[in-house]
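Dear colleague,

I am handing over the structure that we spoke about, and you will find it just below. After it I have set out what was found, starting with one residue and working outwards from there.

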Amino acid sequence: MLIDVRGHVQHAVLYDVLHDAATAAGAKVRYGAQVVDVDTEELCVQLSSGETLTADVIVGADGEYGRCREAVIGQKVRGAPTGPVMYE
């Protein structure tokens, strides 16, 4: 999916693009679910309700101090600003 943004992308626009692409591909989006643990080896998350969810892909969009970042990096560290970034 390519979008000509001519500069910066507003957070809300990026959210809509990612959400629409994911749901069109069959992903289920859960709102209001509090993640208490992330297992990057088993590709699962545990919710505060006790429920465990597994997936092919986990999108951790919980910020620089979130559980997902800590699970991937292995420690709580603050990220360095990168500005707008695009990967091919």
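A good place to begin is Arg 30, which counts as partly exposed at 47% relative accessibility. Please keep in mind throughout that this is a predicted model, and that the values below were computed from it.

What does the side chain of Arg 30 meet in a salt bridge? The partner is the side chain of Glu 51, with 3.1 Å from N to O, and Glu 51 is likewise partly exposed, its relative accessible area being 34%. Arg 30 sits in the loop between helix H1 (11-24) and strand S1 (35-39), while Glu 51 sits in the loop between strand S2 (44-47) and strand S3 (52-54), so the pair ties together parts that are 21 residues apart in sequence. As a general matter, side chains of opposite charge can pair when their charged atoms come close. The structure holds one salt bridge, and the pair just described is that bridge.

To place these elements in the whole, the protein has two helices and three strands, and, read from the N terminus, they follow the order α-β-β-β-α. Of its 88 residues, 8% count as buried. If one takes the contacts between residues at least 6 apart in sequence, 15% of them join residues at least 24 apart.

Two cysteines deserve a mention with regard to burial. Cys 44 has a relative accessibility of 13% and Cys 68 a relative accessible area of 12%, and because the cut-off for buried is under 20%, both count as buried. As for disulfides, the structure holds zero of them.

Lastly, there is the matter of enclosed space. How many cavities of 30 Å³ or more does the count come to? The count gives one, and the largest cavity holds about 40 Å³ of space. Its lining is made up of Glu 64, Tyr 65, Gly 66, Arg 69, Glu 70, Gln 75, Lys 76 and Val 77. Sorted by character, the residues of this lining comprise four charged, two polar and two nonpolar; among the charged ones are Glu 64 and Lys 76, while Tyr 65 and Val 77 are the nonpolar pair and Gly 66 and Gln 75 the polar pair.

With best wishes

Conventions: Residues are numbered from 1 along each chain as its sequence is written. This is a predicted model: local features need pLDDT of at least 70, side-chain atom pairs count only at pLDDT 80 or more; totals for chains, interfaces and linings use all residues. Side-chain values use heavy atoms; hydrogens and water are left out. A disulfide is a pair of cysteine sulfur atoms within 2.5 Å. Buried means under 20% relative accessible area, exposed over 50%, partly exposed in between (1.4 Å probe, protein chains only). On a 1 Å grid over the protein atoms alone, a cavity is a set of points where a 1.4 Å probe fits but cannot get out, and a pocket is an open set with protein on both sides within 12 Å along at least five of seven lines; lining residues have an atom within 4 Å of a point. Grid points are joined across faces, edges and corners, and a volume is the space filled by probe spheres set on the points. A salt bridge is a side-chain nitrogen of Lys or Arg within 4 Å of a carboxyl oxygen of Asp or Glu. Helices (H or I, at least four residues) and strands (E, at least two) are DSSP runs, numbered from the N terminus. Contact means heavy atoms within 4.5 Å.
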